[in-house]
Amino acid sequence: MAEKILEVKNLKISFRTSSGTLKAVRDISFDLYRGRTLAIVGESGSGKSVTSKAILGILAGNSIIENGEILYDGMDLLKLDEETMHTIRGDKISMIFQDPLSSLNPIVKIGPQITEAMLLKNKAGRKNARKDFNSLLGVLKTNMQEACPSDSAHIEEMAKTFDNFCIEANKLEDSYNRSDSNAQDLKEDITNFLYMHSKKQKQSVKQLVSEQIKKLRNIKDSFYTHGFETDLEKCLNAYNTAKGNYKADKKDPSFVNDDLLAAMEETGKLLDRMSEQVRPNFFRIGYYRMVNPEEDIYGYDRNELNEKALQVLDDRFMKEFLSYSSKGLRNSYDKAEAGKKEAIAALREAETYFSSEIEQKPAEEYAKTLIEKVESGIDYLEVNKDSYAYTFKSSLNGAIDKYFFYVENNPKEEERFEKQTAKREALIAKGKTVDWKVVPKNILDLDELKSNIVKVCRDVRVRYEDQTEQAAPDFDAKAVDIVDYLRDKASTAVYVITKEMAKQTAIKLMTEVGIPEPRMRYNQYPFEFSGGMRQRIVIAIALAANPEILICDEPTTALDVTIQAQILELINKLKAERNLSIIFITHDLGVVAQMADEIAVMYAGQIVEQGLSEEVFYDPRHPYTWALLSSMPDLDTKEKLEAIPGTPPNMIYPPVGDAFADRNKYAMEIDFEQQPPMFDITETHRAATWLLHPDAPKVEMPKIITERIERMKAKLTEGQNG
């Protein structure tokens with residue numbers, strides 16, 4: 001089975017409205033696997049989009065997450081702060097929305113809209129990388145000093161040395177990156193210039209040539225240009241000669257002379273050779289430069305310098321630093337283990353405490369002490385943060401606040417409801433027409449709210465128990481890992497994405513999503529694109545950060561059938577090429593027939609049927625799935641399509657039994673009295689319908705569906721044989 005990349009467990013979401021609390025998502029669970037597509041299918045208002053927005057952390061302000069977990073990369077996304085969520089949203093998990101035009105700024109050209117997110121993310125990423133570097137190095141130093149108190153002053157000096165040579169490495173790398181960036185920008189300018197010239201497009205040649213000369217002169221880092229100095233000078237001379245020969249009084253402002261074309265072609269070849277050279281290992285060389293400030297480090301063979309710098313770094317500093325780091329990591333681990341053991345006992349007591357009668361102020365004081373004990377179990381040198389432990393404080397305080405809010409609010413709501421009900425009944429008794437309903441009670445089960453407090457404690461306790469049962473890690477290996485992590489953070493802090501670099505990436509993305517002549521269309525406005533092309537642009541924006549998960553929220557609804565097929569084919573292609581995991585949201589089962597691996601059918605905030613794609617299509621069991629299939633048009637169906645009668649229930653007033661009962665011609669008495677559980681059909685297929693109960697009467701699938709299934713199977717067999 002493929003690796004599980006996302007888990008949604010027991011998710012419940014409501015919304016506060018002026019008419020009452022709307023139950024949008026009611027206790028749903030599903031898994032998403034790497035490289036696979038999960039389709040969530042249902043009518044408007046079934047809770048599909050609410051679920052996807054919860055995953056991204058973009059629910060409306062009036063939302064209430066009553067229960068549940070959304071687990072990704074060891075973290076519960078529902079418990080993350082906005083700063084952490086910002087590093088996941090768009091980077092790791094991206095979303096394509098229903099209407100491409102509403103997702104694009106109509107007065108900004110397409111190109112800048114694709115590059116904007118890249119540039120903003122890069123700026124924020126550099127800032128966060130420096131912050132993470134300083135924070136982690138500080139914690140590491142403290143733990144090394146605690147582990148080796150007699151060497152405290154030496155460790156202080158070593159930490160300063162580590163920071164200083166990382167700064168030196170950053171300076172060298174930043175200089176190299178700027179020259180590399182100018183080289184890439186110039187190569188992109190030349191490529192774009194020659195392309196536009198081949199298309200006979202008018203260009204401001206003199207201005208463009210001046211900009212290219214400026215960028216060529218700015219390729220001046222000593223590492224980057226070493227060995228290419230003569231070639232660079234030749235290219236500059238060729239440019240200046242061509243520029244001098246250019247006649248400013250030409251009537252055609254896009255006139256290009258042969259000398260200029262030759263200069264550009266030669267420069268392009270030089271830039272290619274420069275970009276292929278071995279990159280210096282700045283982390284190693286930063287230390288070497290710091291201890292040998294007078295030495296000419298640029299004249300070495302690149303591979304030789306990298307190896308020489310490594311030997312000096314290891315012998316004079318890194319081996320000792322790693323040894324102290326290993327001891328510091330063990331110290332941090334041991335403190336966290338001791339803290340976990342105390343926290344486990346405290347959490348077990350807390351589960352009993354919060355299960356009994358509690359008062360607000362004592363409960364809040366109790367929580368403060370408990371939070372301190374839980375946080376003492378956090379290993380702050382563990383690079384992969386445990387979101388359960390890190391968010392315990394906010395989760396526990398939030399659960400306690402919610403409980404006491406409803407302790408106070410429930411009686412008020414009961415009183416208000418009784419008064420409004422009495423008023424309505426009195427008016428009816430007087431024979432008056434009453435065209436308003438009593439707003440349902442906005443009350444929550446206090447026992448359930450208290451159990452949520454207990455669950456917060458239990459989740460962390462179970463997490464800590466699992467962690468304490470694991471063998472101690474290899475601290476020498478962890479020391480290498482943490483130094484590598486710090487090195488990467490230092491490098492990230494100086495990696496600048498320029499506008500031209502972002503443009504180059506955007507053009508590649510536009511090509512990937514099938515937009516013709518992307519260099520020319522880069523500077524067009526959204527209104528100059530068709531609906532299908534606009535959706536391709538939105539897909540390009542979503543892919544800009546190379547996400548692992550792509551959520552497609554009705555991405556083909558606004559498109560005609562032919563374009564729909566093209567977009568679906570494109571999404572399938574991108575999924576295969578990038579190993580994307582996709583959540584595809586739609587109201588039309590037919591749309592996902594050829595692209596979904598698993599299907600979850602949602603109705604009134606619940607998943608009513610779930611299984612592999614072929615199981616849901618070839619062996620559907622829930623009457624709502626039957627209804628969706630019966631209303632799905634195809635070229636071969638001769639019978640009249642069946643519309644689903646009625647409308648979905650108002651989820652401010654959720655039904656007692658099966659939410660589909662009022663629209664279900666197969667409904668039994670029990671459907672109006674009790675909500676059906678999920679019945680297992682196979683290991684991967686299940687449905688929530690009383691028709692699957694052993695005592696239920698036998699009900700045949702509608703003829704229109706059985707015939708359609710036979711046709712689909714026949715076509716599948718024909719395709720396999722053909």
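This short talk covers one sheet and one helix pair in a predicted model.

Sheet first. It is open and has eight strands. The order runs β6-β7-β8-β3-β9-β10-β12-β11. Pairing is mixed. As a reminder, strands of a sheet pair through backbone hydrogen bonds, either parallel or antiparallel.

Now, which strands stand at the edges? They are β6, residues 93-96, and β11, residues 679-680. Each has a single partner strand, so one side of each lacks a neighbour in the sheet.

Stay with β6. Its pairing with β7, residues 549-553, is parallel and spans four bridges. For a specific pair, take I93: its bridge partner in β7 is I549.

A helix also packs on this sheet: α22, residues 623-630. Helix α22 touches β3 (37-41), β9 (598-603) and β10 (606-612). The direction of α22 makes about 100 degrees with that of β9.

Next, the helix pair. Two packed helices are described by the angle between their axes and the distance between the axes. Here we have α19, residues 531-543, and α20, residues 561-578. The angle is about 20 degrees, and the axes are 10 Å apart. Angles under 35 degrees count as roughly parallel, so α19 is roughly parallel to α20. The crossing is right-handed.

Which residues make the contact? From α19, they are G532, Q535, R536, I539 and L543. From α20, they are I563, Q566, I567, L570, I571, L574 and R578. By class, that contact has seven nonpolar, three polar and two charged residues.

Key:
Residues numbered from 1 in each chain as written. Predicted model: local features only at pLDDT ≥ 70, side-chain atom pairs only at ≥ 80, totals over all residues. Heavy atoms only, no water. Pairing = 2+ DSSP bridges. Helix = DSSP H or I, 4+ residues; strand = E, 2+ residues; numbered from the N terminus. Contact = heavy atoms within 4.5 Å. Axes fitted to C-alpha atoms, helices over the stretch in contact; angles between N-to-C directions. Parallel < 35°, antiparallel > 145°, perpendicular 65-115°, else oblique. Left-handed = near helix turned anticlockwise from the far one by under 90°. Nonpolar A, V, L, I, M, F, W, Y, C, P; charged D, E, K, R; others polar.
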